[in-house]
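Biologist: I should be grateful for a close look at a single part of this protein. Please treat that part in detail and then place it within the whole chain.

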Amino acid sequence: MQFKWDATNSKTSAQYSRMYTAIRDANVLLDNIKNVTTLSTTKLAQYTAEARFIRAEAYSVLYYTFGATPLITTAQTINLQPARASDDSMKQFISTELTAAAEDLPVTPRAYGTASKGAALGVLCKFYLNTKQWQNCSDVADQIINLNTYSLFPDITRLCAVQNNHNSEYLYYYPCVTSPAGYGNIIMAHSFPLNYPILSNWVNFGTKFHILTPVVNSFSPNDRRLLMIDTIYKNISGQTVRLNTDAQGNPLNMSASFKFVPDSSSLGVDMGNYVPMVRYADILLSKAEALNNLNGPNSTSFDLINAVRNRAGLTNLDPAQYTTTQELNDEILQERQWEFY
């Protein structure tokens, strides 16, 4: 909670290792694909683009967590003490690689989970946003919008149901399966409240993910996204349990997210709900933020924000309430909390 992680922290060290494993594997393919003579030029270009996407996306994750890290682009030579790349070279590499990958990736991926043009552009759009390259962010968002492939899923409460894994809002996602074990979505095992009446094929871990009471209370009562947060339930003994506030109204900070609608066919902890990494709603809010930082509050930004709000059952923002860039940035941050909790 205090953001005082160091190199001994298992989460950050594992992330570092996983990303560099992906980078190594991509480097091995890219080092050797020029020797392949049994595939068409089109296939070679697509596999090359997929590998470049994997490598660049992994570097973007590293950048968000650690800043610039060693930039390793081949597996043919091994430096056991690589130096940290400069910030500029790291950002340039990520943006150049994702741009190049997007050019050769198909709009429709060759298989679920492989990279697509939208996935590469989506990760690039978010990277430009997070590094405050506002015009580039807006331009890439326009490329995504102009693909005419993505749209907001009509029912936000069912967006992350396993039945809707293949929907028009997901640009980039992690596919999940119930079998074999270890490749499923395990979020609900952490989200079910204590002694929640689960199915016999579900699992309820002791370690819990909670949503803080001030966050729950910030939602409009008309917000459909609030329907995906469990604030009160009856446990397996038939007792009513409060999660958001006690009977006196004191905060409990224990509400549970049911955004990933529990998969009735799960096997143990593994559910089949795909995990979206970049959604079309994210792209709309990214473009709204980029334009706001370029031009201040503007009609296009309000239209983009309102599209996400309207899907959730909320009315349009009143532009008169936002006269400065900072005021609208603050509102976009609040909109992100409601949309992406």
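Which residues in H4 meet which residues in H8?

Modeller: The model is a predicted one. Within it, four residues of H4, namely Gly122, Cys125, Lys126 and Leu129, meet Asp282, Ile283, Ser286 and Glu289 of H8. Sorted by character, the residues of this contact comprise 3 nonpolar, 2 polar and 3 charged. Helix H4 covers residues 117-130 and helix H8 covers residues 280-295; their axes come within 10 Å and cross at roughly 35°. The crossing of H4 with H8 is left-handed.

Two of the charged residues in the contact deserve separate attention. Lys126 and Asp282 form a salt bridge through their side chains, with a distance of 2.9 Å from N to O. This bridge joins distant parts of the chain, since Lys126 belongs to helix H4 and Asp282 to helix H8, 156 residues apart. Lys126 has a relative accessibility of 16% and therefore counts as buried, the limit for that class being under 20%. Asp282 is likewise buried, at 5% relative accessibility.

At residue 117, where H4 begins, the helix has other neighbours. Lys117 is found in H4 and is buried, with a relative accessible area of 17%. Once residues up to four places away in sequence are set aside, Lys117 touches Ala102, Glu103, Leu105, Pro106, Val107 and Leu147. Lys91 lies 26 residues from Lys117 in sequence, and the two are 20 Å apart in space, C-alpha to C-alpha.

Beyond H4, the chain enters the loop between H4 and helix H5 (134-146), where Lys132 lies. Lys132 has a positive phi, near 60°, although it is a residue other than glycine. Most residues other than glycine have a negative phi, and most peptide bonds are trans. Lys132 counts as exposed, at 60% relative accessibility. A positive phi also occurs at Asn195, at about 55°, and this residue is not a glycine either. Asn195 is located in the loop between H6 and helix H7 (213-218) and is partly exposed, with a relative accessible area of 39%. As to the peptide bonds, Ser179 and Pro180 are joined by a cis bond with omega of about 5°. Pro180 lies in the loop between strand S1 (170-174) and helix H6 (187-191).

The bridge between H4 and H8 may be set beside others in the protein, for which the count comes to 16 salt bridges. One of them pairs Glu97 with Arg55, the closest N and O atoms being 2.8 Å apart. This pair also links distant parts of the chain: Glu97 is in helix H3 (residues 87-104) and Arg55 in helix H2 (residues 41-66), 42 residues apart. Both partners are buried, Glu97 with a relative accessible area of 7% and Arg55 with 6%. A further bridge joins the side chains of Asp25 and Arg24, at 2.9 Å from N to O. Here Asp25 is partly exposed, at 41% relative accessibility, and Arg24 is partly exposed as well, at 46%. In addition, a network of salt bridges links Glu169, Asp223, Arg225, Arg279, Arg311 and Glu339.

The connection between H2 and H3 is a loop that contains Ala68. Ala68 counts as buried, at 6% relative accessibility. Apart from neighbours within four places in sequence, Ala68 is in contact with Tyr63, Arg84, Ala85, Ser86, Asp87 and Met90. By contrast, 42 Å separates the C-alpha atoms of Ala68 and Ser265, which are 197 residues apart along the chain.

Finally, the part may be placed within the whole. The protein contains 10 helices and 6 strands. Its C-alpha atoms fill a box of roughly 70 × 50 × 40 Å along the principal axes. The radius of gyration is 22 Å, which agrees with the value near 20 Å that a compact globule of 341 residues would have. Of the 341 residues, 46% are buried. Among contacts with a separation of 6 or more, 66% are between residues 24 or more positions apart. The salt bridge between Lys126 and Asp282, with its partners 156 residues apart, again illustrates a link between distant parts of the chain.

Technical notes. Residues numbered from 1 in each chain as written. Predicted model: local features only at pLDDT ≥ 70, side-chain atom pairs only at ≥ 80, totals over all residues. Heavy atoms only, no water. Axes fitted to C-alpha atoms, helices over the stretch in contact; angles between N-to-C directions. Helix = DSSP H or I, 4+ residues; strand = E, 2+ residues; numbered from the N terminus. Left-handed = near helix turned anticlockwise from the far one by under 90°. Contact = heavy atoms within 4.5 Å. Nonpolar A, V, L, I, M, F, W, Y, C, P; charged D, E, K, R; others polar. Salt bridge = Lys/Arg side-chain N within 4 Å of Asp/Glu carboxyl O. Buried < 20%, exposed > 50% of the residue type's maximum accessible area, 1.4 Å probe, protein only. Rg over C-alpha atoms; globule rule 2.2 N^0.38 Å.
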